[in-house]
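Hi,

Here is the structure I promised to pass along. Have a look at it first, and then read on for my notes.

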Amino acid sequence: MVAAGACWGLSAVIAKIAFDRGVAPTRMAEARVVVALVVLAAILAFARRDLFRPPQGSLPVLLAFGLRVALVSGSFYVAIDRLSVGVAISLQYTAPVLLLGVAAVSWLRRPHAMAVSRPPGRVAWLAAAITLAGAVLVSQAYRGFGRLDAGGLVAAVGSSIFFAGYLLTAEAAGRKGADPATVLVWGFVFAIVFWTFASPLWSWPVEKLSDVHVTLAVLGVGIVGTLIPFFLAVGAVRVLSPAMAGIAATVEPPAAAAFAWLFLGQHLSAVQIAGGLLVLAGVAISQRAQAVSARTMAVEVTP
């Protein structure tokens, strides 16, 4: 999940190249899914055609997953187009807190399920708070909260909700027995269907691809920023809870800042470096919380 977050951070830097050359955020959101689907489908057609077949009864979950794939990308790109990037990223990474809240409410509604699950403990909440604080510092979101755009704010909050839903539906698809590759190929298909109605592919500004920088940016975001990290994330939620996976993905802001420093020459302040260290500390603490929870459950279910 940390590797997935790093890929998303790099893709933010790559996407900026296309944005600066006139590619609209929503167009990049749909292009990344098309590229990811074409590459994944080619790999499966050559190596594992059986993975095209979804398990029985899993299509509704895969549909929900695909819609969230489309919506999380679209809403986030709209947010960074209308808000400062730091504010958009920080608001998106309230998703782990939302997931912890969902887990807590679900446990309260089904306390009899204590033998197989536990509510988030104080360590998990502490990890979420630390990583969110680190994301705010490393992305310098505090500088952008004074000039908020209402539409951008709605989009950023939406991206947080859709990111949380993306992790939840990925976990649900795994419980249905769908392989991560199957989850992704069908998720990308449904995402493209969504974009076909929301922003038809045939009206995509193909002339922009005559610029080699745009072409490489689209391919980079599709493979490095979509296919690889989404595959890692779908696999990760089979081991981690969605909330813990979300906390681990919070390495995206410091990764984006580091890549911007390396490739765009953007200076990193002491505050940003401190924020990056906070994120890493929060991720480490979240893994401690996961380990403690697993040991506690093992003790409780032992006769």
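Below are some notes on salt bridges and on how exposed their residues are.

Please keep in mind that this is a predicted model. Searching the whole structure turned up five salt bridges, and I will go through some of them here.

Let me start with helix H2, which spans residues 25–47 and holds both Arg 27 and Glu 30. The two residues form a salt bridge, with their closest N and O atoms 2.5 Å apart. They sit three residues apart, or about one turn of the helix. Are these partners buried or exposed? Arg 27 has a relative accessible area of 11%, so this residue is buried. Glu 30 is at 1% relative accessibility and therefore counts as buried too.

Next comes helix H7, covering residues 150–175, where Arg 175 and Glu 171 are four residues apart, again about one turn of the helix. This pair also makes a salt bridge, and the closest N and O atoms are 3.3 Å apart. Arg 175 counts as exposed because its relative accessibility is 63%, while Glu 171, at 23%, counts as partly exposed.

Finally, there is the salt bridge between Asp 20 and Lys 16, whose closest N and O atoms are 3.0 Å apart. Here Asp 20 counts as exposed, with 53% relative accessibility. The cut-off for exposed is over 50%. Lys 16 has a relative accessible area of 37%, so this partner is partly exposed.

Happy browsing, and all the best!

Terms used. Residues numbered from 1 in each chain as written. Predicted model: local features only at pLDDT ≥ 70, side-chain atom pairs only at ≥ 80, totals over all residues. Heavy atoms only, no water. Salt bridge = Lys/Arg side-chain N within 4 Å of Asp/Glu carboxyl O. Buried < 20%, exposed > 50% of the residue type's maximum accessible area, 1.4 Å probe, protein only. Helix = DSSP H or I, 4+ residues; strand = E, 2+ residues; numbered from the N terminus.
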